[in-house]
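Student: I'd like to take a close look at one part of this model with you. Could you walk me through it and then link it to what lies around it?

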Amino acid sequence: MDEKWLPVVGYEGLYEVSDLGRVWSVPRVVWRKNGTKQTVKGKMLSQFVREGYPRVTISKGGVYKAMHVHRLVLRAHRGECPPGKQSLNGRSGPMDPALTNLRWGTPAENAYDRSLQRDDTESYGERQGSHKLTTANVIDIRRRYVPHVVTEQMLGDEFGVTAAAISLIIRRVNWKQVA
């Protein structure tokens, strides 16, 4: 597979980023503060992980910045982030900054992706092994609940769960994936 390299946006001539998520410092001549000229060899930048995401440190004009690799990849290979969008990771998760694992998307899409843990293993609702209620039960509970008429305790007794569990369902703390 051929790796495609493009300049890092805002750091053209200094750094390039590949569609596989690698960042390269371009060989160049720099002028030092003392007025001398120095040739800097090109090198692959080491990545480090902070808050679950690979980052690299790049500099321009003596100002150093730690940048998220996935954002560098997306900006170079897909263009600037559209208004209201953010960078989203695919099924491989946040530790894979390859372009095939990245896209621009909405915060709601990002939350949905995270809820599925990108590999469909999140245990919630009926997917949780010890569930006592079904999606249909939850819809029924929310439809039928009327404060001081049909109470949380009454619904809990009917469905075999606690009033506290019913309260969490009604307030959409639990079973929030159900409309």
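Student: Which element gives the largest share of the lining of the largest pocket?

Tutor: Happy to go through it, keeping in mind that this is a predicted model. The element you are after is β8, which supplies 4 residues of the lining. The pocket itself has a volume of about 510 Å³, and its lining is made up of 18 residues. Two elements give two or more residues to that lining: β4 (28-31) and β8 (53-60). If you want to centre your view, go to Arg28, Val30, Arg32, Ser59 and Tyr64, the lining residues that lie nearest the middle of the pocket. In terms of chemistry, the lining divides into 8 nonpolar, 5 polar and 5 charged residues.

From here we can step to another strand by way of Met67. This residue sits in β9, which covers residues 63-68. Its relative accessible area is 17%, and since the cut-off for buried is under 20%, Met67 counts as buried. Apart from neighbours within four places in sequence, Met67 is in contact with Pro54, Arg55, Val56, Ile58 and Leu72. There is also a backbone distance to check on your screen: the C-alpha atoms of Met67 and Thr57 are 6.2 Å apart, with their positions 10 residues apart along the chain.

One of those contacts, Leu72, takes us to helix α1. Leu72 is among the buried residues of α1, together with Val69, His70, Val73, Leu74, Ala76 and His77. With 7 of the 10 residues of α1 (residues 69-78) buried, the helix is largely enclosed by the rest of the structure. Just after α1 comes Gly79, with a positive phi near 95°.

To finish, here is a pair of helices to set beside that one. The axes of α4 (residues 152-159) and α5 (residues 163-170) come within 8 Å and cross at roughly 110°. Angles of 65 to 115 degrees count as roughly perpendicular, so that is how α4 is placed relative to α5. On the α4 side the contact involves Glu152, Gln153, Leu155 and Gly156, and these meet Ala163, Ile166, Ser167 and Ile170 of α5. The residues of this contact divide into 4 nonpolar, 3 polar and 1 charged.

Conventions:
Residues are numbered from 1 along each chain as its sequence is written. This is a predicted model: local features need pLDDT of at least 70, side-chain atom pairs count only at pLDDT 80 or more; totals for chains, interfaces and linings use all residues. Side-chain values use heavy atoms; hydrogens and water are left out. Buried means under 20% relative accessible area, exposed over 50%, partly exposed in between (1.4 Å probe, protein chains only). On a 1 Å grid over the protein atoms alone, a cavity is a set of points where a 1.4 Å probe fits but cannot get out, and a pocket is an open set with protein on both sides within 12 Å along at least five of seven lines; lining residues have an atom within 4 Å of a point. Grid points are joined across faces, edges and corners, and a volume is the space filled by probe spheres set on the points. Ala, Val, Leu, Ile, Met, Phe, Trp, Tyr, Cys and Pro count as nonpolar, Asp, Glu, Lys and Arg as charged, and the others, Gly among them, as polar. Axes are lines fitted to C-alpha atoms, for helices over the stretch in contact, and angles run from 0 to 180 degrees between N-to-C directions. Angles under 35 degrees count as roughly parallel, over 145 as roughly antiparallel, 65 to 115 as roughly perpendicular and the rest as oblique. Contact means heavy atoms within 4.5 Å.
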